[in-house]
Amino acid sequence: MSGLLDVRNLSVTYGSGAGAVPAVRGVDLSLDAGTKLGLAGESGCGKSTLALALLRLLPKSARLSGEILLDGEDVLTMKWGRLRAVRWAGASIVFQGAMHSLNAVQRVGEQIAEPVLVHRQGTPAAARKRVGELLEQVGLPASRARAYPHELSGGQRQRVMIAMALACGPRLVIADEPTTALDVMIQAQILRLIERLVSEQDLGLLMISHDLAVLADTCDRLAVMYAGRIVEEGPAQDVFGRAEHPYGRALSSAFPRIGDPAARLAPRGLPGDPPDPSALPGGCSFHPRCPVSLDSCAREDQPLREAGPGRRAACVHVGAGAADGDGNTGDGRDANEGAAR
């Protein structure tokens, strides 16, 4: 049975002068109404490309394959008229950087009302009433509809963006770094607001961030993306606290734990950067940065495999892959240290 969103074997390739550049490679994701899925990873791992692909907002140079099923209907095969109807009304996006997403010379109320009018969901008078209701839902007085973006704080602008995303009553909301550049107190308020709206309106939420701690605190499930692929997926607290993939562990360990002297005195990080999509390494894309990689990791890519109840990870040290092509066995975190490089 299909959920609200089912992404099946999605690949996105950009055309360039140097040839095809794979940005998303064979991604599978699912999301039900009333649930929250977090998507984590460093900059350049393909998170925003995946988000834009869900509503076909990518440039013409992008080539997509696979399936994106929204309520069972494939977004990739929709005709233009149907796609316009689905955007805003079926699914909407909250972009990062509200000041750059809002029209600086138009009152915010007019911008929130625009999708309501475009989708013919009410008269101008009804749209103005809807704007007031939406602003109050996100914790702003209806009178702020007459404000220009520069007259609002960063947190207030982000609330306006959320109100705009909800304007046509979508079932799916995609939030791409919705708390970027906000201070920690406002960030917490925005996250609690999003959680409340998902619960009250039975929405599906796909939240994208490089911050695992934020996603673990907000989302039900968490997927970790690296070099255009999902390398780990499972319950958010499990992935954050006990990641099975070395990349997930590295992202998690980058956040110090309050009250943990080891994390405070010896903070850990991940050296280097994600690979250039136009020059991906052979085998597992993470192996050049992996502290527990084996010789076979440079030759063989790893599929997602079962890593516990409701969990998957793409690592040779997980499940059946614990016996690697070099004849070594073990979980790779201690027994294979001699083979690590």
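1. Which residues does Lys 36 touch, not counting residues up to four places away in sequence? In this predicted model, Lys 36 touches Leu 31, Glu 195, Val 198, Leu 205, Thr 218, Cys 219, Asp 220 and Arg 221, with those sequence neighbours left out of the list. Lys 36 is a residue of strand E3, and a reader may like to find it there before going on to the sheet. Because buried means under 20% relative accessible area, Lys 36, at 12% relative accessibility, counts as buried.

2. The sheet that holds strand E3 is an open one of 8 strands, with mixed pairing, and its order is E6-E7-E8-E3-E9-E10-E12-E11. The edge strands are E6 and strand E11 (305-306), each of which pairs on one side only. When reading this order, please keep in mind that E8 stands between E7 and E3, since the next two points deal with that part of the sheet.

3. How is strand E8 (residues 204-209) placed, mostly covered or mostly open? Strand E8 is mostly covered, for 6 of its 6 residues are buried. In a regular strand the side chains alternate between the two faces of the sheet, and it is worth looking at each face in turn. On one side of E8 are Gly 204, Leu 206 and Ile 208, on the other are Leu 205, Met 207 and Ser 209, and all of these residues are buried, which leaves both faces of E8 covered. Leu 205 has already been met, as one of the residues that Lys 36 touches.

4. The two neighbours of E8 can be described together. Strand E3 (residues 36-40) runs parallel to E8 and is joined to it by 5 bridges; along this pairing Gly 38 stands opposite Met 207, and the bridge partner of Leu 39 is Ile 208. Strand E7 (residues 172-176) also pairs with E8 in the parallel sense, over 5 bridges, and here Ile 174 stands opposite Leu 206.

5. Further along the order, the pairing of E9 and E10 is antiparallel and extends over 6 bridges, with Glu 233 in E10 as the bridge partner of Ala 223. These two strands form a hairpin with 2 residues between them, and in this hairpin Ala 227 takes a positive phi near 50 degrees. Strand E10 is mostly covered, with 6 of its 7 residues buried. E10 also pairs with strand E12 (residues 312-313) in the antiparallel sense, over 2 bridges, and Glu 232 stands opposite Ala 313 in E12.

6. A second sheet deserves its own point. This is an open sheet of 4 strands with antiparallel pairing, in the order E2-E1-E4-E5. Strand E2 (19-31) and strand E5 (73-74) stand at its edges with a single partner strand each, so one side of each has no neighbour in the sheet. Strand E1 (residues 5-16) and E2 run antiparallel and are joined by 9 bridges, and in E2 the bridge partner of Thr 13 is Pro 22.

7. What is the volume of the largest pocket, and which residues are the closest to its centre? The largest pocket has a volume of about 550 Å³, and of the 23 residues that line it, Arg 87, Trp 88, Pro 115, His 119 and Met 164 are the closest to its centre. Two or more residues of the lining come from each of helix H2 (80-86), strand E6 (91-94), helix H4 (108-118) and helix H6 (154-165). H4 gives the most, with 4 residues. By kind, the residues of the lining divide into 13 nonpolar, 6 polar and 4 charged.

8. Helix H4 can also be viewed through one of its residues, Val 116. Is Val 116 buried or exposed? At 3% relative accessibility, Val 116 counts as buried, because the cut-off for that word is under 20%. Residues up to four places away in sequence aside, Val 116 touches Gln 121, Gly 122, Ala 127, Arg 130, Ala 167 and Cys 168. The C-alpha atoms of Val 116 and Val 131, which are 15 residues apart along the chain, are separated by 9.2 Å.

Technical notes. Residues are numbered from 1 along each chain as its sequence is written. This is a predicted model: local features need pLDDT of at least 70, side-chain atom pairs count only at pLDDT 80 or more; totals for chains, interfaces and linings use all residues. Side-chain values use heavy atoms; hydrogens and water are left out. Buried means under 20% relative accessible area, exposed over 50%, partly exposed in between (1.4 Å probe, protein chains only). Two strands pair if DSSP finds at least two bridges between them. On a 1 Å grid over the protein atoms alone, a cavity is a set of points where a 1.4 Å probe fits but cannot get out, and a pocket is an open set with protein on both sides within 12 Å along at least five of seven lines; lining residues have an atom within 4 Å of a point. Grid points are joined across faces, edges and corners, and a volume is the space filled by probe spheres set on the points. Ala, Val, Leu, Ile, Met, Phe, Trp, Tyr, Cys and Pro count as nonpolar, Asp, Glu, Lys and Arg as charged, and the others, Gly among them, as polar. Contact means heavy atoms within 4.5 Å.
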